[in-house]
Amino acid sequence: MAVNASKVFWRGVVCALAGATLWGFSGACIQFLAESYEVSSAFISAVRAGVAALLFAVFVFVTRREALLSLLGSPAARPTLVLFGVGLYLSQITYAVSVALTNAGTATVLQATCTVFVMLITCARARRLPRVADFVGLMCAMAAATLIATQGDWGVIVLPVAGLAWGIANALSETLYIMAPQRLYGRWDRPTIIACGMVISGIVAILVWLIGEAIVSLLAAPSAALGAAGSILADLFGTAGSLVPDMDATGWLALIGGVGVLGTFAAFGLFLYGVSLVGSVKGSLLGVAEPAGAMVIAALWLHTPFSAWDWIGLVLMAAMIALVSLSGQNSEGKRKRSGTR
């Protein structure tokens, strides 16, 4: 039993890290799209969520039809599934707004604070202090994300009130989608839960994109009409151009294959499955590996310079992974000695 539990834990660690790394790959693809084509954030979000929703829907309908009917047939599960799906979408759109109001480095640092919220809520529910390994792992994760995002230059941290608010909203939305489905995982099939959440997220993303594009088209010049709010609308939905951007085959491959299939379908599927196995706290810590994955892939693909701060961040990220693994193994040992599962 202990061997099986250890295998399950390590499977969760590997899946969560793989998912976070693929998020990094999607970030590199989005950087490529931003540099090469005029693609709005809302369109990217709609395509990535829509592609992932379609793939997840086909997956569960073909392989897990009975589990799907059981889950959807439960009135008690539906509100949690909706919260889960909305949280998944909000994590994407709030990050885009946070970047628009601050910059990518600041938004990434604020996003990483979701690990703090997850740990605080988990400890409050259990009425205990954080485990030492988890707390030190949190410090390593936050330091690594900060160094990689800022390159050691604290001057890039820009925190206007609105930017701070949207950055915290982004962290809270990530906390929501990590923690909301936890109580469902022990009762229903994990991949089916994840698939339903992604389908809901895809529907919301497409609706928001269509509504936002309609509003921008009506306003014609949203920045002039609504000031700061109009500027955010323009950043998210473009400037009332064509509904679908003009891209060549390379651009569509990067968007659909890189961002939609690998960076969303595979990334969220692997990460959330990993979180369902290792728990909210350890899963949220492992999720902070995303900036490291983006950095490595951008260096290899887009030839982005690899700095000393990047190396320090990678070392701290490796320390965080080791601490999470140590904490997980200690937890398994305690359960074994106490005779609990």
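In which handedness of crossing does helix 10 pass helix 13? I looked it up: the crossing is right-handed (the near helix is turned clockwise from the far one by less than a right angle; anticlockwise would be left-handed).

Before going on, I noted that this is a predicted model, where local features need pLDDT of at least 70, side-chain atom pairs count only at pLDDT 80 or more, and totals for chains, interfaces and linings use all residues. Residues are numbered from 1 along each chain as its sequence is written, and side-chain values use heavy atoms, without hydrogens and water.

**Helices 10 and 13**

I found that the axes of helix 10 and helix 13 (residues 249-278) come within 10 Å and cross at roughly 135° (axes are lines fitted to C-alpha atoms over the stretch in contact; angles run from 0 to 180 degrees between N-to-C directions). Helix 10 and helix 13 are therefore oblique (not under 35 degrees, over 145, or 65 to 115). On helix 10, Arg 190, Ile 194 and Met 198 make the contact (heavy atoms within 4.5 Å).

**Helices 2 and 10**

Next I checked helix 2 (residues 41-63) against helix 10 (residues 190-219): the axes come within 7 Å and cross at roughly 145°. This crossing is left-handed. Ala 49 and Gly 50 of helix 2 are among the contact residues, as are Ser 201 and Gly 202 of helix 10.

**Helices 2 and 13**

Last, I saw the axes of helix 2 and helix 13 come within 8 Å and cross at roughly 55°. Helix 2 passes helix 13 in a right-handed crossing. The contact includes Arg 48 of helix 2 and Trp 252 of helix 13.

Technical notes:
Helices (H or I, at least four residues) and strands (E, at least two) are DSSP runs, numbered from the N terminus.
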